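Open your viewer and get the selection tool ready. This tour goes step by step, with something to pick at each stop.

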Amino acid sequence: MSDVLIIDVGHERLEEDVRAAVARIFERFKVDVAGKRVLVKPNILAGLPPEMGVTTNPAVVAAIVDQCLARGAEVMVGDNPGGVDRNSQTTAEQCGIYQAAHGHFKNLSERVVEVQTTSRFVPNFPMGKTVLDADYLINVPCFKTHTLTMITGAVKNCFGWIAGGYKARLHLAAPSRNRFQELLMDIYQVRVPDLNIMDGILAMEGNGPTHGQVRPLGKLLASTDAVALDATMARMIGIDPAELRLFQIAAQRGIGHWAPEEVVVEGPFAVIPDFKLPTEFAVSPTEQVALLQDIGTTVPTVKDEVCIQCGDCELNCPAQAISMDPFPVVDPQKCIACFCCAELCMEGAMEVPQGRLPEKFDKMFR
Ligand code: SF4
Ligand code: SF4
């Protein structure tokens, strides 16, 4: 059995409410960090302001840092942002997390070591030694949708264990929706967080994790079991966790709990009405398999009128499927439909297709 705690936080007294909620979470899960090296790992996907709901709200990070310090911990705050060329500190400053770390920010791409893995996709993972050296790890994901994995919650947030630009290479090593979720579980297992606090103050629906729509939710969710936390989030957005590959893999490997009868939820759980799922998941995975016969265009498309020709998408495409001419052109033969380009384009100029998966991607469901 696993426990999930949900706490309402208001928008008017956000900082006070968040501080009270984080204090309650620490008490509820008996967090003992005295004398320990604690790594707080928020979602610092991109240098965007908190009101966009893309990154962890700085108020949550600040409250966690202060709780840890008050309990006698040595604290570090860090993440590996998306993109091969993004400076970790600059990105954290742009989304307010650097300031919220109160002088305890840490670049997780320093001192990278190769960690051997039993993953079938790669022999080892390049990870910052800070992650491996932490005595206690607090994972602080956002409550968001994701065009590739449906949800980007606590397990997916651990993708940030991987140093700098290596993340893009891993997309190429596991080039399908299902394989990538298996890879995420491989990474999660390298260092399972001790506590997970999910920021659901401003959730994201639609085509997350960067360009979905903000959905004010006003909640923090917490658990020592990231799988249980993600399953609770899935149920809140109207998804049966049993349908998602992530939880199927967790069940096969005996990691965490996700079945409703194995997760005790304390607090205001409710299914969010009319929550918008990513386009590619507009139907259930079972129905998607049937729709695979429906050949369509699945590669992302560029909105020339929005694109500023910065070339970030070309730089970050793991399959090198993009060339600039002068706007980005996607080679459908090379594209692996990972949607990193849409995720990392700060202008929102890369559009996730409305069509269904073409036949060449049938491997996604194997
Ligand atoms: S699509 Fe986005 S990332 Fe690519 S060149 Fe245009 S603005 Fe830059
Ligand atoms: S074009 Fe975009 S979706 Fe296709 S492989 Fe490159 S980053 Fe991924």
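Of the contacts in the protein with a separation of 6 or more, what percentage is between residues 24 or more positions apart? The figure is 74%. Keep in mind as you look around that this is a predicted model.

**Stop 1: the whole chain.** Begin with everything shown as a cartoon. You should find 13 helices and 15 strands. Measured out along its principal axes, the C-alpha trace spans about 55 × 45 × 40 Å. A compact globule of 366 residues would have a radius of gyration near 21 Å, and the 19 Å of this protein agrees with that. If you colour by burial, 53% of the 366 residues come out as buried.

**Stop 2: two domains.** Now colour residues 2–278 as domain 1 and residues 283–365 as domain 2. Their centres, taken over C-alpha atoms, are 25 Å apart. Where they touch, domain 1 supplies 20 residues and domain 2 supplies 20 residues. On the domain 1 side, select helix H7 (166–173) and helix H8 (177–190), the elements that give two or more residues to this contact. H7 gives the most, with 4 residues. By character, the domain 1 side of the contact divides into 7 nonpolar, 9 polar and 4 charged residues.

**Stop 3: the core.** Next, show side chains for Val-40, Val-61, Ile-64, Val-65, Ile-197 and Cys-341, the residues with the most contacts inside the largest nonpolar core, which has 113 residues. Both domain 1 (2–278) and domain 2 (283–365) give residues to this core, so it lies between them. Centre the view on Val-61. Beyond its neighbours within four places in sequence, Val-61 is in contact with Val-40, Pro-42, Thr-56, Val-77, Ile-97, Ala-100, Ala-101 and Val-140.

**Stop 4: an enclosed helix.** Select residues 226–236, which form helix H9. Because 10 of its 11 residues are buried, H9 is largely enclosed by the rest of the structure. Among the buried residues of H9 are Leu-229, Asp-230, Thr-232 and Met-233. Step just past the end of H9 and you reach Gly-238, which takes a positive phi of about 85°.

**Stop 5: ligand 1.** Move to ligand 1 and show the 13 residues around it. Which of them come nearest? They are Cys-307, Cys-310, Asp-312, Cys-313 and Cys-345. The shell around ligand 1 contains 9 nonpolar, 2 polar and 2 charged residues.

**Stop 6: ligand 2.** Here 14 residues form the surroundings, and the closest are Cys-317, Ala-319, Cys-335, Cys-338 and Cys-341. How does this shell divide into nonpolar, polar and charged residues? It has 14 nonpolar, no polar and no charged residues. Cys-341 may look familiar: it was also on the list of residues with the most contacts inside the largest nonpolar core.

**Stop 7: Cys-317.** Finish by picking Cys-317, in the loop between helix H12 (312–316) and strand S13 (322–324). Is Cys-317 buried or exposed? With 26 other C-beta atoms within 10 Å, Cys-317 is buried. Setting aside neighbours within four places in sequence, Cys-317 is in contact with Ile-322, Cys-340 and Cys-341. For a last distance, draw a line from the C-alpha of Cys-317 to that of Val-9: they are 38 Å apart in space and 308 residues apart in sequence.

Notes
Residues numbered from 1 in each chain as written. Chains lettered and ligands numbered in written order. Predicted model: local features only at pLDDT ≥ 70, side-chain atom pairs only at ≥ 80, totals over all residues. Near = placed C-beta within 6 Å. Nonpolar A, V, L, I, M, F, W, Y, C, P; charged D, E, K, R; others polar. Domains from an automatic or database assignment. Contact = placed C-beta atoms within 7 Å. Buried ≥ 20, exposed ≤ 12 C-beta atoms within 10 Å, placed from the backbone. Core = buried A, V, L, I, M, F, W, Y, C linked by C-beta atoms within 7 Å. Rg over C-alpha atoms; globule rule 2.2 N^0.38 Å.
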